[in-house]
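Biologist: Could we walk through this model together? I would like to start with the bound ligand and then look at the chain around it.

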Amino acid sequence: MENKRKICIMGMGYIGLPTAALLANRGYQVHGVDVSQYAIDTINRGEIHIVEPELDTFVRSSVQSGSLTANIDPAESDIFMIAVSTPFHSDRLNEVTKSPIPNVDYIVDATKKIAPYVKSGNLILLESTSPVGTTDMMADTLKEEGININNVFIAHSPERVLPGHIMRELIENDRVVGGINNESTKEAADFYRTFVNGEVLETNAKTAEMAKLTENSFRDVNIAFANELSILCDDMDIDVRELISLANRHPRVNVLNPGCGVGGHCISVDPWFIVDSANGKAKMIEQARRTNDYKSDWVVEKIKNTALKFEKNNGSKPTIACMGLAFKPDIDDLRESPALYISESLSKLFDVVVVEPNISTYDSLQLVSYEQGLQADICVYLVTHSQFSKLKLKDGDLDFCGLKGN
Ligand SMILES: NC(=O)c1ccc[n+]([C@@H]2O[C@H](COP(=O)([O-])OP(=O)(O)OC[C@H]3O[C@@H](n4cnc5c(N)ncnc54)[C@H](O)[C@@H]3O)[C@@H](O)[C@H]2O)c1
């Protein structure tokens, strides 16, 4: 029988499960681990508990062939990969910058769980987006658990796939790989070269960690610039989207699109990882985060002012329809969504309905069809879902997402 290389993947979420299913279809014997029994049971039936195109086919075929199994506990392997979440601590802020503090507890927990199974010669990979120094911290944790880290390879390779295109991008994207020493970098890069068609770029662990945070901070800063322009243009009665499209005709200018804020669990989160460790020195990155968060409050104020005018002219408060709730077009993901924040803020003051074609219910908000939504006195467009593209703005409606597509 073929002697397959074994890989144990910690975390069966949006990153871990697609990676597990891909590797199981590429000749690896994959052991997927999660703390959620529901996730484990679903995967072992050959089904999926997250939404991602093509993932169901990959999972079904690898479970049926026996090359992917899931369990609550890790198992002995040649390679271990950690792909657990890296959120914020919910109960405290950085004392210097008053900014969110990254929570790496899930990484520590997963590292401790694999320790009893780690053997000499194993490769241990961290894929979670992590503050600089986390891979070294992972090595220290393994040492504390009795592992001789001179006999194993430890490296970080940040994931940069786009949800909705994960199965393709896992293979096609270039990959940054950085080990805690040169041998680890080499061993990890050789592993990624077995399934990545993009270029595998070798560096050290800290640079690899910072590369991922830099990518998302770059986009956050650029969007903050666009959002700031949108606020200035509003005062000057200039159409910001026309302005940006003209400025972008310069061969070396590329301003991104303004919106009602920045959401999602990456761009609106990862820059804080830099701010947290920078002792007040990451001024531009911090200001960009705050500008993008402020844009959502600015949008709420604009809507309140429009509603006040309506009330003055009509003698009653308007009904408001928020068009879109997700953090970006054509998905159902509400994580850190500015549209959700805006809708919830408005619903404390007005009679608000929400049109979100990708979601059927949401506890604290009244979701309606867009035929019903269009009956509201004021429609505020927050997300450019493709279902909205044919809708026409009526007098008094507000467009914060560039529905006109210019
Ligand atoms: N989703 C993306 O598009 C994306 C893109 C690039 C990078 N990332 C990064 O990848 C990492 C994982 O993100 P995700 O979207 O897959 O998160 P996720 O929340 O979808 O999945 C994480 C999984 O890990 C499990 N888990 C938590 N602690 C565990 C433990 N100790 N042992 C085993 N399993 C455990 C959770 O139950 C969950 O199923 C994060 O650092 C994220 O920032 C995500």
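What follows is a friendly exchange of questions and answers about the structure shown above.

Modeller: Before we start, this is a predicted model, in which local features need pLDDT of at least 70, side-chain atom pairs count only at pLDDT 80 or more, and totals for chains, interfaces and linings use all residues. Residues are numbered from 1 along each chain as its sequence is written, and side-chain values use heavy atoms, with hydrogens and water left out.

Biologist: How many residues surround the ligand?

Modeller: A residue is near a molecule if one of its heavy atoms lies within 4 Å of it. The closest ones here are I15, D34, T86, D109 and T129. The full count around the ligand is 23 residues.

Biologist: Which helix gives the largest share of that shell?

Modeller: Helices are DSSP runs of H or I with at least four residues, strands are runs of E with at least two, and both are numbered from the N terminus. Four residues of the shell come from one such helix, spanning residues 105-114. That largest share belongs to helix α4.

Biologist: What distance separates the polar side-chain atom of T86 from an oxygen atom of the ligand?

Modeller: A polar contact is a pair of N or O atoms within 3.5 Å; within protein, one must be able to donate a hydrogen and the other to accept it, and residues adjacent in sequence count only if both atoms are side-chain atoms. A ligand oxygen lies 3.1 Å from a polar backbone atom of Y14, and a ligand nitrogen lies 3.0 Å from an N or O atom in the side chain of H265. For T86 the distance is 2.6 Å.

Biologist: What percentage of the ligand's area does the protein bury?

Modeller: Accessible areas come from the Shrake-Rupley method with a 1.4 Å probe, and for residues only the protein chains shown count as cover. Taken alone, the ligand exposes 830 Å². The protein buries 89%.

Biologist: Why is the chain called as compact as a globular protein of its length?

Modeller: The chain has 13 helices and 14 strands. The radius of gyration is taken over C-alpha atoms, and the globule rule is 2.2 Å times the number of residues to the power 0.38. For 406 residues that rule gives 22 Å, and the chain is close to it, so the description fits its radius of gyration of 24 Å.

Biologist: Is S157 buried or exposed?

Modeller: Buried means under 20% relative accessible area, exposed over 50%, and partly exposed in between, with a 1.4 Å probe and protein chains only. S157 sits in the loop between β8 (153-156) and α6 (166-172). Because its relative accessible area is 0%, S157 is buried.

Biologist: The side chain of S157 reaches the backbone oxygen of which residue?

Modeller: Contact means heavy atoms within 4.5 Å. Not counting residues up to four places away in sequence, S157 touches several residues, including L126, E127 and Y192. Its side chain also makes a polar contact of 2.9 Å with the side chain of R175. The backbone oxygen reached, at 2.9 Å, is that of V176.

Biologist: Where is T185 found?

Modeller: T185 is buried, with a relative accessible area of 5%. Leaving aside neighbours within four places in sequence, T185 is in contact with V177, G178, G179, E202 and T203. Its place, within residues 182-192, is helix α7.
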